[in-house]
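Thanks for making the time this morning. I would like to walk through one model with you, going element by element, so please have the viewer open.

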Amino acid sequence: MKWFKKKFFVVAALFLGACLAEASPLTIYDQANLGGTGVAVTDTYTIYSDNSIYSTNSLPIPGGLDNQISSFQLDQGYALVVAADPTGLHPSKTYVAAETPITVNTLPAELDNAISFIRIVPWRDVTKKGHNGGGNDNPTVDTGWYYNWQMNLSRGQEIDPMRGEYAPMSKYHYQTSDTRLEENVMPMDQVTHMLGLNEPDKAGQQAAEKFFDITNVTVCLTYYDDLQKTGLRLGAPVGHEEAANNDNSWFSRFYTEAKAAGVRMDVIPLHWYDWGGNPKNTPNENPRNVLNRLAKYLSKAYHRYDRTPLWITEFNANPNRVRDVQEGFLQLALPYLEGLGYVERYAYFQPSGGNGSFYTNGLLTTTGQLYKDHVSTIGFTQNIMPPALTSVDVGLPSEAGNVIYSSHTDTYTVCGNGAGTGGTADEFHFLYETISGDCEIVAKVSSMV
């Protein structure tokens, strides 16, 4: 009997191996609801297009289904970018199958029978905590991802065991050219994202931009638009702290123009240094007050920009604040950001002058050790709610609410709008479960903004 069990196990393993060998990350169909002809798309990091602008890593769309795709199935563990334009320009859309496979039975109207561009990349469960800088700091602070404001080819071809996945950035306008992207980004086979232009709203910050007026929203949009050709999940250009404050901010105007043009922005990166908290006159500010201002800013940004996920690519309690404030702020902010469903990633920016830096003489400071010791959770949330729970708007808020559920932390982020509960006509978003009989509910409300 013991021999039979071993023999059966071997046969089962061989059969499973055969099945895996035949599997493909994507199957496309020429009819809705996975009907008609189904064709496997097998290669990752390859651009499938009948007219790709890139000479390398490019193949025709399989099965002759150029402009004939009406549905598809994407396997778990992959991200997919599809576009109607064969160069990858808009209209385009990103799909991520992080926790479960994705079945798209009906494509959006602008993509139905119109897809001429496909790119698949493997998806990794990357933690929220990241690092910005050259990536050469030792000792490391144990992050899941990092970036260095550049497109470093060798970094995009490896996963650093201590720094995690690399996110290339097209910091300057000339890095968005077809030639630069083909040489420096397309050969990267270990990346999933591409970050856009860095602080183009700050005139004179980057000398190489001064002749191209990159601070002009329309000019910047023409350069950012080209990044769609990479077929990677895209981060919008990252502006200064005023980005989410009003409709007339540089980024608000950029976002409005980009959205009207159909340009894809998969995540919204932000910088935040609490400049609105009068930091020069409050070097010993209460860290709780700093966190409260950050929380309000993030909530405004998420709602202002159509609930697109946020990355905080630079943040601290402000360089004018002492180390005790920096560390007190981090002790509050790190668990808060981990539980906030619409923040996918964050990266603390070390202030110059030593009042919050990670390193002194090649050794970790107390701030660096605090950041290193913080255990981070998976950033991307596919938002699959437990079936027993329901969310609904109460009253008539001007904007519909939603709930983000993270299975990684078992945390719900309830995003609502309206007048609240202080008047005679309540307006808010409500998450509930219907239960009959006796029950006990224990809930921890981590914050209310």
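Let me begin with a question: which residue follows helix 4, and what is the sign of its phi? The residue is Gly262, and its phi is positive, near 80°. Before going further, I should say that this is a predicted model, and everything that follows should be heard with that in mind.

Staying with helix 4, which covers residues 250–261, we have 12 residues that reach 17 Å from the first C-alpha to the last, close to the 16 Å expected at 1.5 Å a residue. Its buried residues are Trp250, Phe251, Ser252, Phe254, Tyr255 and Ala258, and these pack against helix 3 (217–225), strand 15 and helix 5 (287–304).

Strand 15 takes us to the open sheet of six strands, whose order is 12-11-10-17-16-15 and whose pairing is parallel. At its edges are strand 12 (165–166) and strand 15 (268–272), each of which pairs on one side only. The partner of strand 15 is strand 16, residues 310–315, and the two are joined in the parallel sense by five bridges; within this pairing, His271 stands opposite Glu314 of strand 16.

Helix 6, residues 323–339, packs on this sheet, where it touches strand 10 (129–132), strand 15, strand 16 and strand 17 (343–348), and its direction makes about 160° with that of strand 17. Helix 7, residues 366–373, lies across strand 10 and strand 17, and runs at about 155° to strand 17.

How do these two helices sit relative to one another? In general, two packed helices are described by the angle between their axes and the distance between the axes. For helix 6 and helix 7 the angle is about 5° and the axes are 10 Å apart, which means that helix 6 is roughly parallel to helix 7. On the helix 6 side the contact involves Arg323, Glu327, Leu330, Gln331 and Leu334, which meet Thr366, Thr367, Leu370 and Tyr371 of helix 7. Sorted by class, that contact has four nonpolar, three polar and two charged residues.

Finally, there is an open sheet of five strands in the order 4-3-9-6-7, and here the pairing is mixed. Its edge strands, strand 4 (58–59) and strand 7 (92–97), each pair on one side only. Strand 3 (residues 47–48) and strand 9 (residues 117–122) run antiparallel and are joined by two bridges, with Tyr48 having Ile118 of strand 9 as its bridge partner.

Conventions. Residues numbered from 1 in each chain as written. Predicted model: local features only at pLDDT ≥ 70, side-chain atom pairs only at ≥ 80, totals over all residues. Heavy atoms only, no water. Pairing = 2+ DSSP bridges. Helix = DSSP H or I, 4+ residues; strand = E, 2+ residues; numbered from the N terminus. Contact = heavy atoms within 4.5 Å. Axes fitted to C-alpha atoms, helices over the stretch in contact; angles between N-to-C directions. Parallel < 35°, antiparallel > 145°, perpendicular 65-115°, else oblique. Nonpolar A, V, L, I, M, F, W, Y, C, P; charged D, E, K, R; others polar. Expected span 1.5 Å × (residues − 1). Buried < 20%, exposed > 50% of the residue type's maximum accessible area, 1.4 Å probe, protein only.
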